[in-house]
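Please look over the sequence and the model shown below before reading on. The report is meant for someone meeting this structure for the first time.

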Amino acid sequence: MSNLPACPQCTLENTYPDGDNFVCPDCGFEWPRVAVGDEVDAAGGPVVDANGNTLVSGDTVILIKDLKVKGSSIVLKKGTKIKGIRLPEGAGDHEVDCKTDQGAFMLKAEFMKKA
């Protein structure tokens, strides 16, 4: 049996690679070949949230505690939903790049959970 993943939409295993994507011939769904575990932080491991779930670029996350922004009076409140995160390479100890209503920030993944 090959190492091709099952279709995330219909869960059938008749998938095949096509360029940079996987394709499901049963439902026609296409998704990128970049696997969930292929997104890595600067330390070389996968970027995980506070609950141990692997994060990938484009995920939606929720803050699990109030975060004070250095050099300003802004506080990112617990429960804030952040859509469309990015995981830039070589960003230092802050793994997640995101935009909120208060501005753009670099945050640590340990202070968020996957929504």
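What follows is a short guided reading of a predicted model, arranged by topic.

## The three-stranded sheet

An open sheet in this predicted model consists of three strands in the order β7-β4-β10, and the pairing within it is antiparallel. Strands β7 and β10 occupy the edges, and because each has a single partner strand, one side of each is left without a neighbour in the sheet. The antiparallel pairing of β4 with β7 runs over two bridges, and in that pairing Val-61 has Ile-82 of β7 as its bridge partner.

Lys-81 also belongs to strand β7, and with a relative accessible area of 52% Lys-81 is exposed. Leaving aside residues up to four places away in sequence, Lys-81 touches Thr-60, Val-61 and Ile-62. Between Lys-81 and Ile-64, which are 17 residues apart in sequence, the C-alpha to C-alpha distance is 10.0 Å.

## The β8-β9 hairpin and the nonpolar core

Strand β8, which covers residues 96-100, is mostly covered, with four of its five residues buried. Its partner is strand β9, residues 103-107, and the two pair in the antiparallel sense over five bridges. A hairpin of two residues makes the connection from β8 to β9, and Thr-100 stands opposite Gly-103 of β9.

The largest nonpolar core has 16 residues, and those that touch the most other members are Leu-55, Ile-85 and Leu-107. Strands β4, β8 and β9 each contribute at least two residues to this core.

## Three salt bridges

Side chains of opposite charge can pair when their charged atoms come close. The structure holds three salt bridges, which are described here one after another.

In one of them, Asp-59 pairs with Lys-114, and the closest N and O atoms are 3.5 Å apart. This pair links distant parts of the chain, since Asp-59 lies in the loop between β3 and β4 while Lys-114 lies in strand β10 (residues 112-114), 55 residues apart. Asp-59 is buried at a relative accessible area of 13%, whereas Lys-114, at 32% relative accessibility, counts as partly exposed.

Another salt bridge joins Asp-97 to Arg-86, with the closest N and O atoms 2.2 Å apart. Asp-97 is part of strand β8 and Arg-86 sits in the loop between β7 (81-82) and β8, so the pair ties together parts that are eleven residues apart in sequence. Here Asp-97 counts as buried at 16% relative accessibility, while Arg-86 is partly exposed with a relative accessible area of 48%. The remaining salt bridge is between Lys-108 and Asp-93, whose closest N and O atoms are 3.6 Å apart. Because Lys-108 lies in the loop between β9 and β10 and Asp-93 in the loop between β7 and β8, this pair ties together parts that are 15 residues apart in sequence. Lys-108 is partly exposed, with a relative accessible area of 24%, and Asp-93 likewise counts as partly exposed, at 46% relative accessibility.

## A buried aspartate without a salt bridge

Which side chain of opposite charge is nearest to Asp-49, and how far away is it? Asp-49 is located in the loop between β3 (30-32) and β4 (61-63), and although Asp-49 is buried, it has no salt bridge, the nearest side chain of opposite charge being that of Lys-114 at 7.2 Å. A salt bridge requires a side-chain nitrogen of Lys or Arg within 4 Å of a carboxyl oxygen of Asp or Glu, so the 7.2 Å that separates Asp-49 from Lys-114 does not meet this cut-off. Lys-114 is instead paired with Asp-59, as described above.

The side chain of Asp-49 does, however, reach backbone atoms of its own loop region. One is the backbone nitrogen of Gly-52, at 2.9 Å, and another is the backbone nitrogen of Asn-53, which lies 2.7 Å from a polar atom of the Asp-49 side chain. When residues up to four places away in sequence are not counted, Asp-49 touches Leu-55, Ala-109, Met-112, Lys-113 and Lys-114. Among these neighbours, Leu-55 has already appeared as one of the residues that touch the most other members of the largest nonpolar core.

Conventions. Residues are numbered from 1 along each chain as its sequence is written. This is a predicted model: local features need pLDDT of at least 70, side-chain atom pairs count only at pLDDT 80 or more; totals for chains, interfaces and linings use all residues. Side-chain values use heavy atoms; hydrogens and water are left out. Buried means under 20% relative accessible area, exposed over 50%, partly exposed in between (1.4 Å probe, protein chains only). Lys and Arg count as positive and Asp and Glu as negative; His and the chain ends are not counted. A polar contact is a pair of N or O atoms within 3.5 Å; within protein, one must be able to donate a hydrogen and the other to accept it, and residues adjacent in sequence count only if both atoms are side-chain atoms. Contact means heavy atoms within 4.5 Å. Two strands pair if DSSP finds at least two bridges between them. A nonpolar core is a set of buried Ala, Val, Leu, Ile, Met, Phe, Trp, Tyr and Cys residues joined through side-chain atoms within 4.5 Å.
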